[in-house]
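I am opening a notebook on a structure that is new to me, and I will write down what I look up in the order in which I look it up.

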Amino acid sequence: MAFSLNEYLARIGFNREARADFSTFQSLHRRHIAAIAFENLDVLLNREILLDDDSIFDKLVTAGRGGYCFEHNALFTRALNDIGFETHNLAARVLVAKPDEMPPRTHRLVMVQCEEATWIADVGFGGLTLSVPLPLKDGAEQASAQGLYRLEKKQNEFLLLLRQHDHFQPLYRFDLEKQYPADYLMANHFIAHWPDSHFRHHLLAALHPLDDCRLTLVNRRQTLHLKPPRQEALKDNDALYDSLQQRFNIRLDHPRHGVTRDAFSNMMDKLLAQEEAESK
């Protein structure tokens, strides 16, 4: 289905006039991550993830599904462009798992010009995604329910960090080189098909409701990020299937983009058996 700005705004609950100003920009960012879940179901179901605007709109808006960074930030950027914002596509190297060597650029984010300032926006980094845009400048900080974000400039690159438990954790690093659709196609194919990709080994989901009570999921381990966090082990695949719909706002009944309860259960049984085998 073709992209529709009005339908996107309705999907995220934005019900006032959308203007190319900071108030709109900030509200769109916050409402997007509160309404559309981060999730990787299609990778686990061996479905190809299409990155053209219409395919992403059909999945995340029309079908009520979620997705990961290449889908989220593409949809968000398309909406910003339609409203009149100036955007610049970027890519980052993800550091949150503390890789031994410098990883490739496998994360999409966007730089936005707004009210004579430059900002970084990112609605697709899962449970640790930015709550609202962050100024693109050395030392910029943003307090959030996740912790304190900080941006540091390292020569020609920027490093995004998050302070939790009294220390800063690197999330990703990026430069300002413009990215093209082909760059995202290659990175998307790599993380969806590379055998060691964590997207192929775990069911992941995250949602950031407007009450700031962040919700994350890894397989059947669901966490409500209160103080202290409240973790729940979902008892079976049926409970997990229901939680994705009721807690994470992910529709699973769409004829093309949905998944039946039985097919979902079979997928999870294989995934958990694989996880158990790898832990031995």
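**Entry 1: the eight-stranded sheet.** I started with β4 and β5, which run antiparallel and are joined by two bridges. In this pair I found W119 standing opposite P135 in β5. I note at once that the model is a predicted one, and I read everything below with that in mind. Going outward from the pair, I traced an open sheet of eight strands in the order β5-β4-β3-β2-β9-β8-β7-β6, with antiparallel pairing. Its edge strands are β5 (134-135) and β6 (141-144), each of which pairs on one side only.

**Entry 2: the five-stranded sheet.** I then looked up another open sheet, in which five strands follow the order β1-β10-β11-β12-β13 with antiparallel pairing. β1 (38-39) and β13 (230-233) stand at its edges with a single partner strand each, so one side of each is left without a neighbour in the sheet. I went through its pairs as follows.

- β1 and β10 pair in the antiparallel sense over two bridges, and F38 stands opposite A206 in β10.
- β11 and β12 (residues 221-224) pair in the antiparallel sense over four bridges, and L217 stands opposite Q222 in β12.
- β12 and β13 run antiparallel and are joined by four bridges, and Q222 stands opposite E232 in β13.

I also checked how the chain passes between these strands. β11 and β12 form a hairpin with two residues between them, and N219 in that turn has a positive phi of about 55°, while the hairpin that joins β12 to β13 passes through five residues.

**Entry 3: the nonpolar cores.** Which residues touch the most other members of the largest nonpolar core? Of its 43 residues, I found that these are Y8, F25, L28, Y68, F70, L75 and F76. Several elements supply at least two residues each to this core, among them α1 (5-11), α2 (22-35), α4 (53-62), α5 (69-83) and β4 (117-121). The element that gives the most is α5, with eight residues. There is also a second, separate core of 22 residues, which includes A205, L234, L244 and V259.

I followed F25 further and listed its contacts, leaving out residues up to four places away in sequence: F76, L80, F85, V112, C114, W119, A121 and P133. W119 is thus a contact of F25 as well as the residue opposite P135 in β5.

**Entry 4: helix α4.** Is α4 mostly covered or mostly open? I found it mostly covered, since seven of its 10 residues are buried, namely S55, I56, F57, D58, K59, L60 and V61. What covers these buried residues includes α1, α3 (41-44) and α5. After the helix comes G64, whose phi is positive, near 70°.

**Entry 5: H72.** I placed H72 in helix α5 and looked up its exposure, which is a relative accessible area of 0%, so H72 is buried. Setting aside residues up to four places away in sequence, H72 touches H32, I36, A37, F38, L60, G67, V123 and G124. With G124 the separation along the chain is 52 residues, whereas the C-alpha to C-alpha distance is 5.3 Å.

**Entry 6: cavities.** How many cavities of 30 Å³ or more are there? The count comes to two, and the largest cavity has a volume of about 50 Å³. Its lining is made of 13 residues, of which I33, I36, F38, V123 and H208 lie nearest its centre. Seven residues of that lining are nonpolar, six are polar and none is charged. I recognise I36, F38 and V123 from the contacts of H72.

**Entry 7: the largest pocket.** I ended with the largest pocket, whose volume is about 1400 Å³. It is lined by 46 residues, and V94, V96, F125, L128 and H198 lie nearest its centre. By class I noted 24 nonpolar, 17 polar and five charged residues in this lining. The elements that each supply at least two residues of the lining are β3 (105-114), β8 (157-164), α6 (181-193), β10 (204-207) and β11 (215-218). Of these, I had already met β10 and β11 as neighbouring strands in the order of the five-stranded sheet, and β3 and β8 as members of the eight-stranded one.

Technical notes:
Residues are numbered from 1 along each chain as its sequence is written. This is a predicted model: local features need pLDDT of at least 70, side-chain atom pairs count only at pLDDT 80 or more; totals for chains, interfaces and linings use all residues. Side-chain values use heavy atoms; hydrogens and water are left out. On a 1 Å grid over the protein atoms alone, a cavity is a set of points where a 1.4 Å probe fits but cannot get out, and a pocket is an open set with protein on both sides within 12 Å along at least five of seven lines; lining residues have an atom within 4 Å of a point. Grid points are joined across faces, edges and corners, and a volume is the space filled by probe spheres set on the points. Ala, Val, Leu, Ile, Met, Phe, Trp, Tyr, Cys and Pro count as nonpolar, Asp, Glu, Lys and Arg as charged, and the others, Gly among them, as polar. A nonpolar core is a set of buried Ala, Val, Leu, Ile, Met, Phe, Trp, Tyr and Cys residues joined through side-chain atoms within 4.5 Å. Buried means under 20% relative accessible area, exposed over 50%, partly exposed in between (1.4 Å probe, protein chains only). Contact means heavy atoms within 4.5 Å. Two strands pair if DSSP finds at least two bridges between them.
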